[in-house]
Amino acid sequence: MSKNFLWGSSISGGQCEGGYDSRSETVVDLIPSGKDTRFQYLDNPGIYMERPTGFYPSQKGVEFYENYKEDIALYAQMGLKALRFSILWSRIFLDDSLTPNEEGLQFYDHVIDELIKHHIEPIITTIHFDMPVWVVEKYNGFYNKKVVELYEHYVKTIVHRYHDRVKYWISFCEINVMNHALYMVSGTIVQKGQNREEILHQCAYHQLLANAILVKICHETDATLKVGCEVAGSPCYPLTSSPEDYQLMMKADRSNYRYTDVMVKGHFPYYFLKELQQYHIEMLEEDIQMIQENTLDFIAVSYYKSGVASSEGITTNPKLETTPFGWTIDPVGLRIMLNQMYERYEKPIMIVENGLGTYDQVENGKVHDDYRIDYLQKHIEQMELAIEDGVDVIGYLTWAAMDVVSTSEGYMSKRYGFIYVDRQDDGSGTLKRIPKDSFYWYQRFIREKS
Ligand code: BG6
């Protein structure tokens with residue numbers, strides 16, 4: 001494995017920053033916690049909701065905004081070689097006035113400089129489930145082509161500001177998650193009586209165009225910049241040998257990979273083209289050319305679990321164990337997914353999220369998370385086997401560098417970090433950072449590999 005391999009970790013602005021008073025709101029600030037209600041909001045909150053009362057964890061995150069220096073010092077102590085974080089569009093543009101918020105730009109200047117000071121490679125995601133609420137209210141998110149223009153202005157601003165220090169750029173976090181969380185990924189609300197699938201395809205088309213625009217801006221600014229888009233990688237197994245299960249598996253794969261298919265190959269695969277035609281999505285020649293000429297340099301993937309395809313509606317794989325939150329644990333699935341992706345795209349792959357979300361207990365000021373170490377070790381082993389298979393993997397970033405607000409639950413208690421943060425679901429806690437056993441394990445591991 002190359003000495004330049006990026007051993008690192010990830011966080012996202014909407015889940016860790018807080019700093020609510022110095023920015024405008026993002027969609028996750030207004031989504032209620034608790035899996036049952038949360039899921040329907042993630043996809044579609046319907047007619048726009050009232051401003052919430054009560055405690056919404058994303059508004060405060062884990063106060064990275066105030067603590068970034070101390071947090072980055074801990075990441076450095078762990079030996080991270082790379083940190084992926086997201087810039088909040090809602091911190092750079094407080095509204096659609098087109099004038100950036102200098103204070104917001106300076107915050108990310110400081111974060112980047114601090115990372116570089118500690119020899120940690122900064123990797124930026126431009127949108128990580130954190131669309132600004134003003135974009136939703138005024139334009140209904142990526143459903144509206146005007147938002148592609150606004151995105152272009154936003155990314156031009158940040159690429160021009162940070163390109164001298166940031167080499168790796170990721171357009172969207174898990175673009176394929178829009179398939180079931182459209183509001184969170186695209187900032188779009190579907191009204192009663194509207195065709196959700198048509199709206200989804202329109203948003204997808206606009207986001208693919210926006211991605212190509214980011215690639216163009218980056219490459220024109222500095223030809224050595226590398227751009228990726230993140231896809232949630234989840235290999236799907238047919239539950240039985242029945243042709244119906246196999247067909248369902250193919251369908252699941254296509255709906256997951258149709259976005260990267262376009263972003264890497266520069267054209268729409270036949271099955272996706274058919275869908276776009278079915279929903280009468282207007283495809284302008286100049287858009288198609290932009291997409292064709294500006295393709296990704298690398299694929300960013302997250303990997304947590306695999307899925308099953310069953311014509312009998314079975315959704316859990318009986319051969320695999322699950323976490324306390326019901327996510328399958330399947331390290332071999334990582335090797336399979338990496339091979340599938342590399343075979344499909346033949347582009348370098350950066351794993352930008354992988355980790356175990358579970359409950360942690362503090363005992364006498366320590367967190368003994370041997371279960372997390374075991375999970376990570378087994379996944380790294382499979383990644384190394386994929387590299388032996390010939391897959392070009394350029395980095396392994398875990399989710400997450402420290403505990404942050406969970407996306408699906410909206411709570412703190414589903415924890416992924418190497419660093420425990422004393423913030424509880426109701427907002428109580430001292431915010432104290434406690435390195436877990438996995439912190440010291442990753443520290444030793446990275447040292448040995450370097
Ligand atoms: C990915 C996201 O989907 O998975 C992260 O990019 C998220 O934002 C992570 O936190 C884990 O998911 P969850 O729902 O357990 O927090």
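**View 1. Polar contacts between the ligand and Thr-407, Ser-408 and Tyr-416.** In this predicted model, a backbone N or O atom of Thr-407 lies 2.8 Å from an oxygen atom of the ligand. The side chain of Ser-408 also takes part, with an N or O atom placed 2.5 Å from an oxygen atom of the ligand, and for the side chain of Tyr-416 the distance from an N or O atom to a ligand oxygen is likewise 2.5 Å. On its own the ligand has 380 Å² of accessible area, of which the protein covers 95%.

**View 2. The shell of residues around the ligand.** The ligand is surrounded by 14 residues, and those that come nearest are Gln-15, Glu-174, Glu-353, Ser-408 and Tyr-416. Sorted by residue class, the shell consists of six nonpolar, five polar and three charged residues.

**View 3. Lys-436 and its two salt-bridge partners, Asp-360 and Asp-403.** The side chain of Lys-436 meets that of Asp-360 in a salt bridge with an N to O distance of 2.6 Å. This pair links distant parts of the chain, 76 residues apart, since Lys-436 sits in the loop between strand E12 (433-435) and helix H16 (437-449), whereas Asp-360 belongs to the loop between strand E9 (349-353) and helix H15 (370-389). Lys-436 also forms a salt bridge with Asp-403, in which the closest N and O atoms are 2.8 Å apart. Because Asp-403 lies in the loop between strand E10 (393-399) and strand E11 (419-421), while Lys-436 lies in the loop between E12 and H16, this second pair ties together parts that are 33 residues apart in sequence. Lys-436 counts as buried at 0% relative accessibility, as does Asp-403 at 0%, and Asp-360 is buried with a relative accessible area of 7%.

**View 4. The salt bridge between Arg-344 and Asp-261.** Arg-344 and Asp-261 form a salt bridge whose closest N and O atoms are 2.9 Å apart. Arg-344 is part of helix H14 (residues 331-345) and Asp-261 is part of helix H11 (residues 243-265), so the pair ties together parts that are 83 residues apart in sequence. The two partners fall into separate accessibility classes, given that Arg-344 counts as partly exposed at 30% relative accessibility, whereas Asp-261 counts as buried at 2%.

**View 5. A salt-bridge network that includes Glu-102 and Arg-161.** Salt bridges link Glu-102, Asp-109, Asp-113, Arg-161, Asp-164 and Arg-165 in a network. Across the whole structure, a search finds 30 salt bridges.

**View 6. Cys-16 and Cys-173, two cysteines without a disulfide.** The structure holds zero disulfides, and the sulfur positions shown here explain why these two cysteines are unpaired. For Cys-16, the closest cysteine sulfur is that of Cys-173, and the separation of 13 Å is too far for a bond. For Cys-173, the closest cysteine sulfur belongs to Cys-229, and at 8.9 Å this separation is also too far for a bond, because a disulfide requires a pair of cysteine sulfur atoms within 2.5 Å. Cys-16 counts as buried at 1% relative accessibility, and Cys-173 likewise counts as buried at 1%.

How values were computed: Residues numbered from 1 in each chain as written. Predicted model: local features only at pLDDT ≥ 70, side-chain atom pairs only at ≥ 80, totals over all residues. Heavy atoms only, no water. Buried < 20%, exposed > 50% of the residue type's maximum accessible area, 1.4 Å probe, protein only. Near = heavy atom within 4 Å. Polar contact = N/O pair within 3.5 Å; in protein donor to acceptor, adjacent residues only side chain to side chain. Areas by Shrake-Rupley, 256 points an atom, 1.4 Å probe, with all protein chains shown as cover. Nonpolar A, V, L, I, M, F, W, Y, C, P; charged D, E, K, R; others polar. Salt bridge = Lys/Arg side-chain N within 4 Å of Asp/Glu carboxyl O. Helix = DSSP H or I, 4+ residues; strand = E, 2+ residues; numbered from the N terminus.
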